[in-house]
Amino acid sequence: MRIKKHPILEFPVKKKIEFYFEDKKLEARDGESIAAALIANNIRIFRFSEKKQRPRGLYCAVGKCASCLMEVDGKPNIMTCITPVKQGMKVKRQKGRGDLI
Amino acid sequence: MSEDQNNLNHSTIPEFLTDILPPEERILKRPVAIIECFQEIPCNPCVDSCPQNAISIDEGINRIPQIDYDLCTGCTLCVPKCPGLAIFVVGVDKEDKTKGSVTIPYEFNDLPQIGEEVIGLNRQGKPVTPAVVKKVIVSKITDKTAVITLSLPSEFIHEVRFFKRQSSK
Amino acid sequence: MIRKVQMAVIGGGPAGLSAAVAAASQGVTVEIFDDNFIPGGQLIKQTHKFFGAKQHLCGTRGMDIAQILLDRCTQHNVIINQQATVTGVYANTLGVLYPDKFEEVEFKSLVVATGASENMIRFVNNELPGIYGAGAIQTLMNVFGIRPAQNVLMVGSGNIGLIVSYQLKQAEVEVECIVEALPQVGGYQVHASKIQRMGIPILTNHTIIRAEGNEQEGVTGAIISEIDKDFRPVPGTEKYLSVDTICLAVGLTPLADLLEQCGCKMTTISELGGRVAVHNHYMQTSRPDVFLAGDVSGIEEAVTATLEGQLAGLAAAKYMNIGNPLIIQNKMNEILIQLNEFRDGPFGEKATYGSQRLLKEYSYE
């Protein structure tokens with residue numbers, strides 16, 4: 001799913017990092033958002049809605065719509081589209097509103 | 001999608017293309033730029049791109065560009081400079097009037113090779129004629145927009161505006 | 001202790017960056033607060049060459065313009081705070097939320113350049129994963145180098161829908177077709193022609209009525225339909241498209257909530273995209289210390305956003321009595337001429353009409 005060759009853009013090779021999605025180890029590139037890293041790994045279902053448990057994923061990618069909220073390192077409601085992925089990060093699908101600690 | 005689904009109310013063959021085309025004698029003399037820009041949009045890089053000052057835009061930047069076909073040398077420098085990729089250069093071989101050429105801006109992976117046989121597409125993307133790649137220019141000035149000249153039968157010079165490679169789907 | 005800045009700018013896109021540079025060039029100390037972790041707003045994903053005139057950097061690709069503006073910020077010592085979400089604007093302070101802290105920042109003047117958010121339209125299953133705003137597709141493809149789809153249905157044939165369809169093809173993604181609810185293409189004909197000569201059909205008088213999919217994969221298909229002149233689906237014209245992604249390019253709405261919250265007089269002008277803050281030529285709102293620029297002042301495009309940003313930055317400097325007022329006034333007049341020149345075509349009519357309506361409301365103050 002990563003673009004190797006593009007007529008206009010160059011994507012310099014970035015450092016590979018590892019993070020966890022639902023306890024599974026996945027690869028990401030340094031400097032990309034959590035949402036981008038998931039989609040690069042063919043994962044589009046980010047959370048389930050509160051009332052009808054309907055699947056939700058990335059929509060606006062600019063931190064405006066709340067469709068991509070996930071649980072990151074135990075914290076719910078993280079906007080994964082504007083949060084960079086970090087080495088060792090634990091990302092989980094959020095169910096409903098997420099519990100505030 | 002199948003063809004019957006292609007319900008195009010918006011034809012991109014502009015009815016008034018005939019109004020802007022240079023006289024046939026002019027095309028026979030040397031290649032010439034055809035500016036297919038028919039809406040008043042705020043844009044004028046074509047004017048500065050022309051070393052012959054053949055392209056002009058009246059008052060401001062919104063009017064439709066005009067080209068002086070006597071000044072145009074068909075050099076193709078304007079082709080990659082148009083942000084709308086709406087400028088093409090067409091020509092007809094002086095010796096053999098059945099042979100023509102079309103120069104097209106191209107911004108996709110895997111540029112064709114010189115001498116490669118490709119399929120000339122019309123403004124709706126339909127295949128109309130085989131063509132052969134005559135020239136491929138990519139330089140700092142073109143800023144990643146390749147300028148590709150195709151050789152094709154001269155009857156198609158006002159119709160072919162894109163191409164696909166034989167290998168592509 | 002509360003941190004103090006002379007001018008605060010909310011948003012690091014073309015309008016915010018231009019406002020910051022314009023004010024800083026007059027000697028104002030400026031800080032930008034941007035909620036993303038990469039600066040440049042929507043410019044960084046614009047791979048196409050921009051329209052405009054030479055002084056607007058026409059013919060330069062949007063992403064390269066972002067770099068030029070960011071370099072100018074560096075030259076003028078503009079501080080850009082990333083992952084800095086402004087949560088509220090008060091009498092003379094901002095509340096700023098960072099991933100690990102909250103701080104208050106005191107300002108003398110403020111430029112709000114928050115941009116816009118993408119519109120959504122009604123159809124069955126419109127929240128399935130695999131339905132993206134056009135901006136999201138651009139971010140994935142052009143910023144992060146990720147191919148977001150195999151084949152796409154594009155909804156909307158405005159310039160954004162046309163340009164993103166073209167960019168999808170550049171990333172070797174198939175675009176099944178573009179549906180447009182209106183009887184004609186919305187964007188520039190030159191952009192439509194680029195799409196059509198690649199064989200992508202633009203179906204006017206058509207819309208999406210249903211997304212198909214499931215909990216495991218998200219979108220697996222779409223049903224489109226012809227619509228009548230009242231935008232009602234015509235029975236029997238439904239078609240199923242096998243696509244894994246649906247891209248919505250159905251317009252933008254100004255992100256004006258902070259302006260409304262901080263007490264600026266608001267009005268609704270549909271030509272400008274909805275709710276906007278009333279402002280004058282110099283982008284000053286009814287709150288004299290608050291200025292605005294870019295899509296938040298009315299949906300337009302990147303060149304006008306940079307021009308409005310320059311105006312707002314200069315006007316803010318003048319308001320604070322920083323810099324030479326005569327030089328500033330001359331510069332502002334020059335920019336106003338450029339803005340009028342840019343909008344002086346049929347595609348600028350909406351913006352011109354909208355800003356005239358705004359001015360009327362402003363002068364009633």
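Okay, let's start with chain B, which has three helices and nine strands. Keep in mind as we go that this is a predicted model.

So how are the elements of chain B ordered from the N terminus on? They run α-α-β-α-β-β-β-β-β-β-β-β. In other words, two helices, a strand, a helix, and then strands through to the end of that list.

What about burial? Chain B has 169 residues, and buried ones make up 40% of them. And if you take the contacts in chain B between residues at least 6 apart in sequence, 60% join residues at least 24 apart.

Now, on to the neighbours of chain B. How many residues does each chain bring to the contact between chain C and chain B? Chain C puts in 39 residues, and chain B puts in 36. On the chain C side, four elements each supply at least two residues: β10 (174–180), α5 (189–196), β11 (202–204) and α8 (325–342). Which of them gives the largest share? That's α5(C), with seven residues. If you sort that side of chain C by class, you get 17 nonpolar, 13 polar and nine charged residues.

Then there's chain A. Here four residues of chain A are in contact with four residues of chain B. The chain A side of that is made up of two nonpolar residues, one polar and one charged.

One thing for when you read about interfaces elsewhere: their size is often given as the accessible area lost when the parts come together. What I've given you today for chains C and B is residue counts, 39 and 36.

Notes
Residues are numbered from 1 along each chain as its sequence is written. Chains are lettered from A and ligands numbered from 1 in the order in which they are written. This is a predicted model: local features need pLDDT of at least 70, side-chain atom pairs count only at pLDDT 80 or more; totals for chains, interfaces and linings use all residues. Two residues are in contact if their C-beta atoms, placed from the backbone, lie within 7 Å. Ala, Val, Leu, Ile, Met, Phe, Trp, Tyr, Cys and Pro count as nonpolar, Asp, Glu, Lys and Arg as charged, and the others, Gly among them, as polar. A residue is buried if 20 or more other C-beta atoms lie within 10 Å of its own, exposed if 12 or fewer, and partly exposed in between; C-beta atoms are placed from the backbone.
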